[in-house]
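Here is a short set of exercises to work through with the model open in your viewer. Try each task before you read its solution.

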Amino acid sequence: MIHSILLKFNFTYDDRFGVPLIPITFFNKGGVRTQLLNNAILDSGAYEITIPKALADMLELELRPRSNLVHTAGGLIEAYTATISLKLGRGGRFVHYAKVDICVIKQCPAVLIGIHPIFEDYNVTILAHERKSVLDPRE
Amino acid sequence: MKKIKNHKKDDGKWVLLTKKKKVLYISDNIADVFRKGQEYPYGEVIIEQRFKPGTCFF
């Protein structure tokens, strides 16, 4: 996995949503970017970026079955590993990540941004009372 | 009095929006919304998931 220069981000999210949200853009297998997903969930409870299988199929990602089931609150389920490129940010301020291994789950209810790689690269502060997330590049 | 839009019926759905947040397309299937988004020039539309406060994903 490689990434461009890490930028500091302050992401605010709407009162309608009770969880921290961040903007992400994915690239398909051919390198074509998707439109911006404005509200991926910043989730420290997930180890990896996790996306629904339907999206992975649409992006034509190569899925590699995992030898072990993964633990979710809904129980043990089958999962796949895929490699994807993505951009974090919006409005002309982006950090590009290439070849990130992610988790793909058929029953995934949202796009989850987990520990690897965002929480590993950033000190993340969630200011829930301000509906704001601060991502500060780790030194 | 400010009218509050009820998004309950859209809970969990994926939507394709203009930058002014006008809904262009809505679906339960995330892939359909991403696919529809590719019909527009990059940056003209955005994708969001609708969910109500307190939704627990895990």
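**Exercise 1. A covered strand**

Task: Determine how many residues of strand S3 of chain A are buried, and find the strands that S3(A) pairs with.

Solution: A word first on what you are looking at: this is a predicted model.
- Step 1. Take strand S3 of chain A, residues 21–27, and check the burial of each residue; six of the seven are buried, leaving the strand mostly covered.
- Step 2. Look for bridges to S4(A): there are three, and the two strands run antiparallel. Within this pairing, A:Ile22 sits opposite A:Ala40 in S4(A).
- Step 3. Look for bridges to strand S9 of chain A, residues 80–90: four bridges join S3(A) to S9(A), again in the antiparallel sense. Here A:Thr25 stands opposite A:Lys87.

**Exercise 2. Where the chains meet**

Task: Describe the side of chain A that touches chain B, by number of residues, by element and by class.

Solution:
- Step 1. Count the contacting residues: 21 from chain A and 20 from chain B.
- Step 2. Assign them to elements. Strand S4 (36–42) and helix H1 (53–58) of chain A each supply at least two residues of this side, and S4(A) gives the most, with five residues.
- Step 3. Sort the chain A side by class: 11 residues are nonpolar, seven are polar and three are charged.
- Step 4. Check whether strands pair between the chains. S4(A) and strand S3 of chain B, residues 45–49, pair in the parallel sense over two bridges. A:Leu37 has B:Ile47 as its bridge partner in S3(B).

Put beside Exercise 1, this shows S4(A) pairing with S3(A) in its own chain and with S3(B) in the other chain.

**Exercise 3. Backbone torsions worth a look**

Task: In chain A, locate the cis peptide bond from A:His116 to A:Pro117, then examine phi at A:Lys99 and A:Arg131.

Solution:
- Step 1. For the bond from A:His116 to A:Pro117, omega is near 5 degrees, hence the cis label. A:Pro117 lies in the loop between strand S11 (112–113) and helix H2 (118–121) of chain A.
- Step 2. A:Lys99 has a positive phi of about 55 degrees, although it is not a glycine. Its place is within strand S10 of chain A, residues 93–105. Is A:Lys99 buried or exposed? A:Lys99 is exposed, because 10 other C-beta atoms lie within 10 Å and the exposed class takes 12 or fewer.
- Step 3. A:Arg131 is another residue other than glycine with a positive phi, near 50 degrees. A:Arg131 is in the loop between strand S12 (122–127) and strand S13 (132–137) of chain A. With 18 C-beta neighbours inside 10 Å, A:Arg131 counts as partly exposed.

**Exercise 4. The fold of chain B and one of its residues**

Task: Write down the order of elements in chain B, then explain why B:Val15 counts as buried.

Solution:
- Step 1. Chain B has one helix and three strands, which run β-β-α-β from the N terminus on.
- Step 2. Of the 58 residues in chain B, 22% are buried.
- Step 3. Find B:Val15 in strand S1 of chain B, residues 14–18. B:Val15 counts as buried because it has 20 C-beta neighbours inside 10 Å, and the class begins at 20.
- Step 4. List its contacts, leaving aside neighbours within four places in sequence: B:Val23, B:Ile26, B:Val33, B:Glu48 and B:Arg50.

Key
Residues numbered from 1 in each chain as written. Chains lettered and ligands numbered in written order. Predicted model: local features only at pLDDT ≥ 70, side-chain atom pairs only at ≥ 80, totals over all residues. Contact = placed C-beta atoms within 7 Å. Nonpolar A, V, L, I, M, F, W, Y, C, P; charged D, E, K, R; others polar. Pairing = 2+ DSSP bridges.
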